[in-house]
Amino acid sequence: MPIPTELVGSLPRPAKLQDAYQAYDDGKITYEELQAEQDEAAADSIKRLEATGQPVVTDGEQRESSFATYPITDTLAGTGLADNLAADGQYFAIFDDGHHRQLPRLTGGPFRYKTYAAEFVRKNTAIASHPVKQAVIAPSMLMLLHPLEGEIPGYSREEFLSDLCDEVEKDIRQCFDAGAVRVSIDFTEGRLANKNDSRNPWTGKDMLQEFIDLNNRVIDRFSPEERRNIGIHTCPGGDCDSVHSKDVPYEKLLSKMFQLNAGYFLIQCASEEDKEAVYKLCGQYSREDADGVAQVCFMGVINPLSPAVETPEQVKQDLVTAARHIPVDRLGATDDCGFSPFSRDLKPKHGSPDFARDIAMQKISARLEGARLASEELGV
Ligand SMILES: [Zn+2]
């Protein structure tokens, strides 16, 4: 079988759509008008992805406030925030360029999603001619909605985690029921968990094992057959062309991440200084048998934070090198991250989100062609 390729999920939102989000926050347009803009950008994403030959497509997350907050708020500014949440939660991350992203704060129970990702899958399968995938958020990210210290009166931390696991399971199952062929779980907080950034207290609490155990509480509810198509995405962040945890030694994460009983992993690698060290770690720690499923390592061969377009030859070379350390039947190709995980992202290194959208398509084409060349060279 040729080396499979998959995108993480997001694409830059066109400037016109980002303006519509702002206009909605400002009360200048209705939710229906915002949705019309989202639908138009989503249809354009699907059409352009299909034109590249991408076998499984997404809507580029054009309808989502962000990869992390789509279940609980309509916009990043907090318009349409779900019940029992306030706007002033913990920082999720402080990025290298100094900007930060903040989460809402849980104020009581019960915790419920207001939007399930299946809503997007239903719209996308109706208009796509290729199969559709969907990215969902990990329970380990949303557990950070709970204040780091203490308990919420009348709603224990364990009650919250139990509700959270139920919601994430429902989110994944409904995506499959709506026709998604793959569901990947965004786990960008994994590497960040060893950051020890004093400005962001949760990153100093050694939470990685807790994250993994919590995520497995959900993943283990699925059969091996289902888990073959449930993935995990890891990266050092990818927002406004900046990162949050690339300075954290990768081995701290990779030595533990494959404990997750997922069937495949979308692993940032193209932007690493020593890519071969990452292939080695993935070869060493990924499992042939993760409770009934072989773990496939989709290695990042495209850097969405840089406007420089990789060549198919570069991609091929990376994959051929990776195949020296990872069994080729458990090797895939992906991008290091979504191309714009947050709805408001001006893509500063690219100059504009519209240009970044064009570049993303060229990069995806290079990934597809590079994977084809590598498959040919490796005889698979
Ligand atoms: Zn990412």
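Modeller: Contact here means heavy atoms within 4.5 Å. The model is a predicted one.

Biologist: Which residues have the most contacts inside the largest nonpolar core?

Modeller: That core has 95 residues. Helix α5, residues 157-177, gives the most to this core, with seven residues. A second, separate core of six residues includes Ala-20 and Tyr-24. In the largest core, the residues with the most contacts are Phe-111 and Met-299.

Biologist: Which residues does Phe-111 touch, not counting those up to four places away in sequence?

Modeller: Some of its partners are Asp-163, Glu-167 and Tyr-155. The others are Ile-72, Leu-106, Leu-142, Leu-145, Phe-160 and Leu-164.

Biologist: Which residues coordinate the zinc ion?

Modeller: The donors follow the spacing H-x1-C-x101-C along the chain. They lie at 2.1 to 2.3 Å from the zinc ion. By name and atom they are His-233 (NE2), Cys-235 (SG) and Cys-337 (SG).

Biologist: How many residues apart in sequence are the parts that Cys-235 and Cys-337 tie together?

Modeller: Cys-235 is buried, and Cys-337 is buried too. Cys-235 sits in the loop between β7 (230-234) and α9 (250-257), while Cys-337 sits in the loop between β10 (331-335) and α12 (353-378). The pair therefore ties together parts whose separation in sequence is 102 residues.

Biologist: Are α9 and α10 roughly parallel or roughly antiparallel to each other?

Modeller: The axes of α9 and helix α10 (residues 275-285) come within 9 Å and cross at roughly 25°. Tyr-250, Glu-251, Leu-254 and Ser-255 of α9 make the contact with Val-278, Leu-281, Cys-282 and Tyr-285 of α10. The crossing is right-handed. Angles under 35 degrees count as roughly parallel, so α9 and α10 are roughly parallel.

Biologist: Is Asp-318 buried or exposed?

Modeller: Asp-318 belongs to helix α11, residues 312-322. Leaving aside neighbours within four places in sequence, Asp-318 is in contact with Lys-275, Tyr-279 and Val-301. Its relative accessible area is 12%. Buried means under 20%, so Asp-318 is buried.

Biologist: What do the buried residues of α11 pack against?

Modeller: The buried residues of α11 are Val-315, Lys-316, Asp-318, Leu-319, Val-320, Thr-321 and Ala-322. They pack against α10, β9 (296-302), β10 and α12.

Notes. Residues are numbered from 1 along each chain as its sequence is written. This is a predicted model: local features need pLDDT of at least 70, side-chain atom pairs count only at pLDDT 80 or more; totals for chains, interfaces and linings use all residues. Side-chain values use heavy atoms; hydrogens and water are left out. A nonpolar core is a set of buried Ala, Val, Leu, Ile, Met, Phe, Trp, Tyr and Cys residues joined through side-chain atoms within 4.5 Å. Buried means under 20% relative accessible area, exposed over 50%, partly exposed in between (1.4 Å probe, protein chains only). Helices (H or I, at least four residues) and strands (E, at least two) are DSSP runs, numbered from the N terminus. Donors are N, O and S atoms within 2.8 Å of the metal (3.2 Å for Na, K and Ca); water is not among the atoms, so sites may look incomplete. Axes are lines fitted to C-alpha atoms, for helices over the stretch in contact, and angles run from 0 to 180 degrees between N-to-C directions. Angles under 35 degrees count as roughly parallel, over 145 as roughly antiparallel, 65 to 115 as roughly perpendicular and the rest as oblique. A crossing is left-handed if the near helix is turned anticlockwise from the far one by less than a right angle, and right-handed if clockwise.
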